[in-house]
Amino acid sequence: MNFEIDDILIKDKFSKEDIIKLLSVEDDKQMQKIFDKAYKMKLKHIGAKSYYRGLIEFSNICIKNCFYCGIRKDSKINKYIIGEKQILEMATWAYENNYGSVTLQAGERTDKEFTDFCTKMIKEIKKLSNNELGITLALGEQTEEVYKKWKEAGGDRYLLRIETSDKELYKQLHPNDDLHSFDKRVDCIHVLRKVGFQVGTGIMVGLPNQTIESLANDILFFERMDIDMLGMGPYVVEKTTPTGKYVIDQMLNTEEEIQKRFYKALKVLAVSRLHLKDVNIAASTAMQALHPQGRELALKSGANILMPVITLKQYKESYQLYDFKQNVAEDLGHYKKVMNKHVETIGEIVGFGEWGDSPHYKKRVKK
Ligand code: 5AD
Ligand code: SF4
């Protein structure tokens, strides 16, 4: 086994079998070899630098009912949408604190009132920052017309996770209706690309019934879709959701299982870095949710993007996609120090005031 891993790690491109073998490694030393090699790959293509995307979760109202998500339509949480003035306050905070970019994220809504509101926010954020803040959008599936409007308003990047590239597994995790169609989601990723966004996708790792082969297919899906950015993390239980209840019932949420899920996610991240090389990869909040050093470990295994939540304190509590309370009550100044520390701990610097577009995107545009 040892020998085989070394043989695979020296390859420039992996086959599906190679990826499966790497993702199957469970020995600590062997895993560390994969993580170290992935970190080297990041140093080669990105450098010892991490970038911030201040995350503004401005609404938890969602028309969808994904079985795993804490803010799904049927959830009993307090629903909110933050007003214009406060969103712009948060963006101003990000700008004044030299964050290169902000991410506008919300539950999915497709009504005109909402999509027009987003258009306005994008324009205003560009205005208040003299066009200096990069804007990433994570606002779900929309029509081509809406995507175009948001691009023209000043949106730069768009994140739309495929969640899993396995159509059958996708069906198990979502209601069986037009609102939750796998094919439509893939189409949206194509349209985002056509409209001119830098496009990101990603998955959750450790979903019930998700196999290693399915995860290998996910990495090949990222490659096939020629994506610029990746956001992925472990699946985290939210105990009121159907998936959460199932996982708890099946005794799949023990400490041991949680640790396994964390390391599986770290492996998928590292192998994605090794296979895709020059894309931006986020160290997701979910990584930190399952491990006290989650963010550092992700950065040391190939991630180069951090997404500090800059949502105002009074709303953070209601934007819980899964059971994770850490940082909810902290103020922004404190949180900023925590983030800076993550980066310093591993001996890197933060690309303050820089956009930090992925080299993959830059090369793609030049072509
Ligand atoms: N665990 C981990 N990630 C989750 N997301 C939603 N629910 C969960 C969960 N229980 C992720 C999805 C979605 C993003 C906004 O949050 O991948 O795309
Ligand atoms: Fe809505 Fe996204 Fe949660 Fe699905 S994962 S319920 S689309 S917020």
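## A walk through the chain, loop by loop

Start by selecting asparagine 209, which sits in the loop between β6 (204-205) and α9 (212-224). Keep in mind as you go that this is a predicted model. Check the backbone here: asparagine 209 isn't a glycine, yet its phi is positive, at about 70°. Is this residue buried or exposed? Its relative accessibility is 53%, so asparagine 209 counts as exposed.

**Another positive phi**

Next, jump to methionine 251. You'll find it in the loop between α10 (242-249) and α11 (255-276). Methionine 251 is another residue other than glycine with a positive phi, this one near 60°. With 59% relative accessibility, methionine 251 counts as exposed.

**Zoom out for a moment**

Show the whole chain as a cartoon. You should be able to pick out 16 helices and 10 strands. Along the principal axes, the C-alpha atoms fill a box of roughly 60 × 45 × 40 Å. The radius of gyration is 19 Å, which agrees with the value near 21 Å that a compact globule of 367 residues would have.

Switch on a surface if you like. The accessible surface comes to about 15,800 Å², and carbon and sulfur atoms account for 52% of that. Of the 367 residues, 59% count as buried. As for how the chain is wired together, take the contacts between residues at least 6 apart in sequence: 76% of them join residues at least 24 apart.

Now colour by charge. There are 57 positive and 53 negative side chains, and the centres of those two sets lie 3 Å apart.

**Into the loop after α9**

Go back to α9 and follow the chain out of its far end. Aspartate 228 is in the loop between α9 and β7 (229-234). Unlike a residue out on the surface, aspartate 228 has 0% relative accessibility and so counts as buried. Show everything around it: leaving out neighbours within four places in sequence, aspartate 228 contacts Phe197, Gln198, Val199, Val279, Asn280, Ser358, His360, Tyr361 and Arg364.

**Along α11**

Stay with α11 and select arginine 273, which lies in that helix. How accessible is arginine 273, and does that make it buried or exposed? At 0% relative accessibility, arginine 273 counts as buried. Beyond the four places either side in sequence, its contacts are Ala38, Met41, Lys42, Ile46, Asp278, Val279, Ile281, Gly302 and Asn304. Val279 is worth keeping highlighted, since aspartate 228 has it among its contacts and so does arginine 273. For a distance to draw, try arginine 273 to tyrosine 51: they are 222 residues apart in sequence, and 16 Å apart C-alpha to C-alpha.

Now pick lysine 21, in helix α2 (residues 16-24). Lysine 21 is partly exposed, at 34% relative accessibility. Draw a line from its C-alpha to that of leucine 266: the separation is 15 Å, for two residues 245 apart along the chain.

**Strand β3 and helix α5**

Select leucine 137 in strand β3 (residues 134-138). Leucine 137 is buried, with a relative accessible area of 0%. Which residues does it contact beyond its neighbours within four places in sequence? They are Leu104, Ile122, Trp150, Gly155, Arg157, Tyr158, Leu159 and Phe197. One of these, tyrosine 158, is 21 residues along the chain from leucine 137, with the two C-alpha atoms 4.7 Å apart. Phe197 should look familiar, as it was also one of the contacts of aspartate 228.

From Trp150, step across to threonine 119, which lies in helix α5 (residues 112-128). Threonine 119 is buried, with a relative accessible area of 10%. Outside four places in sequence, threonine 119 touches Lys149, Trp150 and Ala153. For a longer line across the model, join threonine 119 to glutamine 30: they are 89 residues apart along the chain, and their C-alpha atoms are separated by 48 Å.

**Last stop: the cysteines**

Finish by selecting the cysteines. How many disulfides does the structure hold? The count is 0. Take cysteine 188 as an example: the closest cysteine sulfur to its own is in cysteine 66, 13 Å away, and that is too far for a bond. Cysteine 188 is buried, at 4% relative accessible area. Cysteine 69 counts as buried as well, with 15% relative accessibility.

Key
Residues are numbered from 1 along each chain as its sequence is written. Chains are lettered from A and ligands numbered from 1 in the order in which they are written. This is a predicted model: local features need pLDDT of at least 70, side-chain atom pairs count only at pLDDT 80 or more; totals for chains, interfaces and linings use all residues. Side-chain values use heavy atoms; hydrogens and water are left out. Helices (H or I, at least four residues) and strands (E, at least two) are DSSP runs, numbered from the N terminus. The radius of gyration is taken over C-alpha atoms; the globule rule is 2.2 Å times the number of residues to the power 0.38. Buried means under 20% relative accessible area, exposed over 50%, partly exposed in between (1.4 Å probe, protein chains only). Contact means heavy atoms within 4.5 Å. Accessible areas come from the Shrake-Rupley method with a 1.4 Å probe; for residues, only the protein chains shown count as cover. Lys and Arg count as positive and Asp and Glu as negative; His and the chain ends are not counted. The place of a charge is taken as NZ of Lys, CZ of Arg, CG of Asp or CD of Glu. A disulfide is a pair of cysteine sulfur atoms within 2.5 Å.
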